[in-house]
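Me: I should like to learn how to read the features of a structure model in order, from the whole chain down to single residues. Could you take me through one case?

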Amino acid sequence: MGTTTRRTRDPRRSLGAALCFAAAVLVTALVGGTAAQDAGAVYANLELPVWAPPSWLFGPVWTVLYVLVAVAGWLVWRAAGVRGAAVFLGVYVLQLLLNAAWTPLFFGAGLYGTALADILLLVVAVAATLLLARPHSGTAALLLVPYLVWVAFAAALNAAVWAVN
């Protein structure tokens, strides 16, 4: 193994990287949270399919998913370093940006069709992130599975909302 692997095993460097992944995911969550201040009221006023979850479920689910996403990113970095996981890290950042954009589009602006386009791209980006993680860390890939499933479910819900609202 090269110096990249040794550097990622340094506890201080590893902690710093973990904090960077946590910060990146936290910024994503904060962008969504800021745009979703009235999300409960907006959600309650939408025509929803019968299979739509209650609004209280979104906060706990996203909290768990964001932790999984941060840990997955850190695990890949730890296994491969920046150079070894450059493509993964690029797609990882892309999916965070798409994730951050969805809530302002959907809840902030009420652009359900544009939000649907965004979340469909997010599904693809999360799937690519998962596939790119797998060669570096099977655990990281597994941690991204619930995120992919939830985002795909959210895309279906977004499509249903757009169709009837």
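Me: Among contacts in the chain between residues at least 6 apart in sequence, what percentage join residues at least 24 apart?

Reply: The model is a predicted one. One takes the contacts between residues at least 6 apart in sequence and asks which of them join residues at least 24 apart; in this chain the share is 77%.

Me: Which secondary structure elements does the chain have, and in what order do they run?

Reply: One counts helices and strands, then reads them from the N terminus. Here there are seven helices and zero strands, and the order is α-α-α-α-α-α-α. With a radius of gyration of 17 Å, close to the 15 Å of the globule rule for 165 residues, the chain is as compact as a globular protein of that length.

Me: What does the C-alpha trace span along its principal axes?

Reply: The trace spans about 55 × 25 × 20 Å.

Me: How should I read burial and surface for the chain, and what percentage of its residues are buried?

Reply: A residue counts as buried when its relative accessible area is under 20%. By that cut-off, 42% of the 165 residues are buried. The accessible surface of the chain is about 8600 Å², and carbon and sulfur atoms account for 71% of that area.

Me: How many positive and negative side chains are there, and how far apart do the centres of the two sets lie?

Reply: Charges are read first as counts and then as positions. The chain carries 8 positive and 4 negative side chains, with 31 Å between the centres of the two sets.

Me: How may the length of a helix be checked, and what span should helix 6 have?

Reply: The check takes 1.5 Å a residue and compares the expected span with the distance between the end C-alpha atoms. For helix 6, residues 112-133, the 22 residues should span 32 Å, and the ends are 30 Å apart, which agrees. Helix 5 has 23 residues and an expected span of 33 Å; its end C-alpha atoms are 33 Å apart, so this helix agrees as well. After helix 5 comes Gly 110, with a positive phi near 65°.

Me: Which residues of helix 6 are buried, and what covers them?

Reply: One lists the buried positions, then looks for the elements in contact with them. The buried residues of helix 6 include Tyr 112, Ala 115, Leu 116 and Ile 119. Their cover includes helix 3 (39-44), helix 4 (58-84), helix 5 (86-108) and helix 7 (138-164). Leu 120 also lies in helix 6, but this residue is partly exposed, with a relative accessible area of 45%. Leu 120 and Ala 155 are 35 residues apart in sequence, and their C-alpha atoms are 6.4 Å apart.

Me: Is Asn 158 buried or exposed, and what does this residue touch?

Reply: Asn 158 belongs to helix 7 and is buried, because its relative accessible area is 1%, under the cut-off of 20%. Leaving aside residues up to four places away in sequence, Asn 158 touches Trp 102, Phe 106, Tyr 112, Ala 115, Leu 116 and Ile 119.

Me: How does Trp 150 read by the same steps, and which residues does Trp 150 touch?

Reply: Trp 150 is also in helix 7. A relative accessibility of 14% makes Trp 150 buried. Beyond residues up to four places away in sequence, Trp 150 touches Pro 53, Leu 57, Phe 58, Val 61, Trp 62 and Leu 65.

Me: Where does Glu 47 lie, and is Glu 47 buried or exposed?

Reply: Glu 47 is in the loop between helix 3 and helix 4. Exposed means a relative accessible area over 50%; Glu 47 has 52%, so this residue is exposed. Glu 47 nevertheless touches Val 161, Val 164 and Asn 165, not counting residues up to four places away in sequence. Glu 47 and Trp 162 are 115 residues apart along the chain, with 9.3 Å between their C-alpha atoms.

Key: Residues numbered from 1 in each chain as written. Predicted model: local features only at pLDDT ≥ 70, side-chain atom pairs only at ≥ 80, totals over all residues. Heavy atoms only, no water. Helix = DSSP H or I, 4+ residues; strand = E, 2+ residues; numbered from the N terminus. Expected span 1.5 Å × (residues − 1). Buried < 20%, exposed > 50% of the residue type's maximum accessible area, 1.4 Å probe, protein only. Contact = heavy atoms within 4.5 Å. Rg over C-alpha atoms; globule rule 2.2 N^0.38 Å. Areas by Shrake-Rupley, 256 points an atom, 1.4 Å probe, with all protein chains shown as cover. Lys, Arg positive; Asp, Glu negative; His and termini not counted. Charge placed at Lys NZ, Arg CZ, Asp CG, Glu CD.
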